[in-house]
Amino acid sequence: MMNARQQLLKEWSQQTLEQTEKLSDYQWQLVSGDASFRRYYRIISGDNSWICVDAPPEHENSEQFIKIASLLSQVNAPKVIAYDLEQGFMLLSDLGDQLYLPLLNEQSADKLYQAAIQSLIKMQQIDSAKILPAYDAKLLNQEMELFREWFLLQHLQLTLSSDENQMLDQLFQWLTDSALEQPQVFVHRDYHSRNIMWLQDQPPGIIDFQDAVQGPISYDLLSLLRDCYIEWPDYQVQAWMDYFIEQSDWELDKAQFIQWFDWMGLQRHIKVAGIFARLNYRDGKAAYLKDIPLTLRYIVRQAEKYPQLDEFSDWMQQKILPAMDSLKQVQ
């Protein structure tokens, strides 16, 4: 049974299509919700379909979504056909529902990832510096603080000593400095296998880009290759990284880029562990808790490569991972 907002969105979408496409006789179906307040529906008429978005204006910035969608004309991103900002409704072109994630295996991955990297390089060519917000020190640190607040204090119920807090402060500073010293480009900010669509005889479809920023060149590649939902061997990640370096418009020193990539991974996975915990405790979305162990494995593997991060790496392995194991036993 539809609630009031769903009914309003359905009526608005049908009226809009009757004006622009001269079509009638529609089918309506829920596509998905996501980790935000947005909800997605598909409206179908014959062989044609569109995506209707319910993005409550008190929670979601549809104006920014529309602005970024216009930047992405060189890649295969949804086109905004119509919108009503006051109600928080949008009507988009439909890129189907075949996510990358279930298609990825040893046979398919190379071709799929190379296509995704080609689209990423095109996104990094966008002149977005004056349009997108900067992925600055304040935002980078706000994200990492989610780890302390929601994962360590809320999820693991830890009390941190002054030395532990100081260690985290120093780590966050190093990771921020590393991010800011990189070339700054268009950053999708959540470029991974659940936000990339496979389409027959087309470039990958790119969705969920509304949080894009101007930020570090390694960020989206890291998000793609050290995905929070699927794990690849290091040699395979390195091969795809080499492909990116070869294909990129930027002249990148491989050794420098590898450290940028690893440290960007620390920043992202520290943030994501906090976000997954917050989604459970604040938003009642417990399913994301099962994805925390992979983010922690990434954190440990990335940290233990660098001597200056030994204290943090040891702390993760001697205190945090055992605390996670204890929590699983209790649950």
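Is Glu145 buried, partly exposed or exposed? Glu145 counts as partly exposed, at 31% relative accessibility. The tour returns to this residue below, after a view of the chain as a whole.

**The whole chain**

Please bear in mind throughout that this is a predicted model. Display the protein chain as a cartoon; 10 helices and 9 strands should appear. The radius of gyration is 21 Å, close to the 20 Å that the globule rule gives for 331 residues, so the chain is as compact as a globular protein of that length. Oriented along the principal axes, the C-alpha atoms fill a box of roughly 65 × 45 × 40 Å.

Next, colour by accessibility. Of the 331 residues, 53% count as buried. A surface representation exposes about 15,700 Å², of which carbon and sulfur atoms supply 48%. A contact map adds a view of the topology: among contacts between residues at least 6 apart in sequence, 71% join residues at least 24 apart.

Finally for this view, colour the charged residues. The chain carries 28 positive and 47 negative charges, and the mean positions of the two sets are 3 Å apart.

**Salt bridges**

Side chains of opposite charge can pair when their charged atoms come close. In this model the count comes to 19 salt bridges. Three of the pairs and one network are visited here.

*Stop 1: Asp208 and Arg38.* Select both residues and show their side chains. They form a salt bridge in which the closest N and O atoms are 3.0 Å apart. The pair links distant parts of the chain, 170 residues apart: Asp208 sits in the loop between β8 (205–206) and β9 (213–216), and Arg38 in the loop between β1 (27–33) and β2 (39–45). Asp208 is buried, with a relative accessible area of 16%. Arg38 also counts as buried, at 7% relative accessibility.

*Stop 2: Arg148 and Glu145.* Move to helix α4 (residues 137–155), which holds both residues; they are 3 residues apart, about one turn of the helix. Their side chains meet in a salt bridge, with an N to O distance of 2.7 Å. Arg148 counts as buried because its relative accessibility of 9% is under the 20% cut-off. Glu145, the residue of the opening question, is partly exposed at 31%.

*Stop 3: Asp190 and Arg268.* Here the side chains meet in a salt bridge at 2.9 Å, N to O. Asp190 lies in the loop between β6 (184–187) and β7 (196–197), whereas Arg268 belongs to helix α8 (residues 254–281), so the pair ties together parts that are 78 residues apart in sequence. Asp190 counts as partly exposed, at 25% relative accessibility. Arg268 is buried, with a relative accessible area of 3%.

*Stop 4: a network.* Select Glu231, Asp234, Arg297 and Arg301 together. Salt bridges that share partners join Glu231, Asp234, Arg297 and Arg301 into one network.

**Backbone angles**

Which phi value does Gln157 have? Phi of Gln157 is near 60°, a positive value in a residue other than glycine. To find Gln157, follow the chain into the loop between α4 and α5 (162–180). Gln157 counts as exposed, at 59% relative accessibility.

Arg189 is a further residue to select for its backbone. Its phi is positive, at about 90°, although Arg189 is not a glycine. Arg189 lies in the loop between β6 and β7, and it counts as buried at 17% relative accessibility.

**Two glutamines and their surroundings**

Select Gln87, in the loop between β4 (80–84) and β5 (89–93). Gln87 counts as partly exposed, at 25% relative accessibility. Leaving aside residues up to four places away in sequence, Gln87 touches Arg5, Leu8, Trp12 and Pro57. Then add His155 to the selection and draw a distance line: Gln87 and His155 are 36 Å apart, C-alpha to C-alpha, and 68 residues apart in sequence.

The last selection is Gln182. Where does Gln182 lie? Gln182 is found in the loop between α5 and β6. Gln182 is buried, with a relative accessible area of 4%. With residues up to four places away in sequence again set aside, Gln182 touches Pro216, Ile217, Ser218, Trp260 and Met264.

Key
Residues numbered from 1 in each chain as written. Predicted model: local features only at pLDDT ≥ 70, side-chain atom pairs only at ≥ 80, totals over all residues. Heavy atoms only, no water. Helix = DSSP H or I, 4+ residues; strand = E, 2+ residues; numbered from the N terminus. Rg over C-alpha atoms; globule rule 2.2 N^0.38 Å. Buried < 20%, exposed > 50% of the residue type's maximum accessible area, 1.4 Å probe, protein only. Contact = heavy atoms within 4.5 Å. Areas by Shrake-Rupley, 256 points an atom, 1.4 Å probe, with all protein chains shown as cover. Lys, Arg positive; Asp, Glu negative; His and termini not counted. Charge placed at Lys NZ, Arg CZ, Asp CG, Glu CD. Salt bridge = Lys/Arg side-chain N within 4 Å of Asp/Glu carboxyl O.
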